[in-house]
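Please open the structure in your viewer and keep the selection tool at hand. We will go from stop to stop, and at each one you will be told what to select and what is there.

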Amino acid sequence: MNETSVSFEDYINAVNPRYNYNNQLAVAEISGSNDNYKNFEAIRIDAFSVFLACKGEAHVNIDYLSYRFKKNTILTLSNLHILENFDSSSDFKGYLLIASKDWMRKIIEDIKNIPIPAEPGKMHPIRSLDDDNFNHLLDILFLIQNRITEEHVFKDNMLKCLFGFFLFDMINIIFKISKDTVFMKEVNRKEEIVINFLKLLRENAREKHEVTFYSNELCITPEYLSKVMKAFSGKTVNKWIAEALLAEAKILLRKPNTSIQQISDMLCFSEQSSFSKFFKKHTGKSPLEYK
């Protein structure tokens, strides 16, 4: 499931950042009046993005989960995340740092062997920071922003250093937060089931539509999986699967040269009519109307 619905170039064109270095590294300001970020249908973006919220509030769905994005929070997204419905308040203000995959490759060799902590029970990419840490990252972002507009003999090298500086410090801050709070917390069995189910769903939503597949992979009964997920989210496992499948369908329907029959096959429906019925049930539109 590595197809992306929005290329880096299309993303840059839609965002139209004021600070853009060779369509490789860019900084954009986000405001509540900017409709580019509102009411996204399900998309994957072929880029690495960091949102920093300075004021107001936004709500966003990431990988089928809903989150609140407020002052002093950061949101990190890769091309593996599914983003939906970024809806912000009128007073929302923040910044977006965008790097292409090519740009990331130039930095990633230096960090690929660094152990980045995973927080038990914290499966989302949003982090709340204190004023000092948030303002520190914002200062680096402003430094990148300013250097993009300046003439400099070593501009490419300098921006790589600054971007690496931002990335390393962000990872360091996250590591310290994780170590100081829940990194040492033992994951209980139910939390482990939720984490592993969502991971399985991200990896298999297009091909596997039955609850029994996920329960068998987790070595539990379908009934117990449903009980755990219902307690966690208020949604049944079937609802989780349907919403994930719908998001994948929306992503594929954005591809201009892909037919409805091809999409139906990619999503492992037995017939195109079954896919069309499923899609219309959940959206009120046929796949063709949506496309």
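How many of the seven residues of strand β2 (residues 25–31) are buried? Select β2 and you will find that five of them are buried, so that the strand is mostly covered, where buried means under 20% relative accessible area, exposed means over 50%, and partly exposed lies in between (1.4 Å probe, protein chains only). Strands here are DSSP runs of E with at least two residues, helices are runs of H or I with at least four, and both are numbered from the N terminus.

Before moving on, note that this is a predicted model, in which local features need pLDDT of at least 70 and side-chain atom pairs count only at pLDDT 80 or more, while totals for chains, interfaces and linings use all residues. Residues are numbered from 1 along each chain as its sequence is written, and side-chain values use heavy atoms, with hydrogens and water left out.

**The partners of β2**

Keep β2 selected and add strand β1 (residues 19–21), which pairs with β2 in the antiparallel sense over three bridges; two strands count as paired if DSSP finds at least two bridges between them. Within this pair, N20 stands opposite A26 of β2. Three residues lie between the two strands of this hairpin, and N22 takes a positive phi near 55° there. Now add strand β8 (residues 93–99), which runs antiparallel to β2 and is joined to it by seven bridges. To see one of these pairings, select L25 together with its bridge partner in β8, A99.

**The nonpolar cores**

Next, colour Y11, F51, F69, I98, F197, L201 and L225, which have the most contacts inside the largest nonpolar core, a group of 51 residues. A nonpolar core is a set of buried Ala, Val, Leu, Ile, Met, Phe, Trp, Tyr and Cys residues joined through side-chain atoms within 4.5 Å. A second, separate core has 32 residues, including Y21, I107, L129 and F163.

Return to L225 and, leaving aside neighbours within four places in sequence, look for the residues in contact with L225, among them I193, F197, V211 and V237; contact means heavy atoms within 4.5 Å. Then select S226, which is found in helix α7 (residues 222–233). S226 counts as partly exposed because its relative accessibility is 27%. The C-alpha atoms of S226 and N238 are separated by 8.3 Å, although these residues are 12 residues apart along the chain.

**Salt bridges**

For the last stops, turn to the charged side chains, where the count comes to 10 salt bridges, each being a side-chain nitrogen of Lys or Arg within 4 Å of a carboxyl oxygen of Asp or Glu. Select R44 and E248, whose side chains meet in a salt bridge (2.8 Å, N to O). This pair links distant parts of the chain, with R44 in the loop between β2 and β3 (48–55) and E248 in helix α8 (residues 237–253), 204 residues apart. Are R44 and E248 buried or exposed? Both are buried.

Finally, show helix α5 (residues 189–204), in which E192 and R189 are separated by about one helical turn because they are three residues apart. Their side chains meet in a salt bridge (3.6 Å, N to O). In α5 you can also select K199 and E203, which lie four residues apart, about one turn of the helix, and whose side chains form a salt bridge (2.8 Å, N to O).
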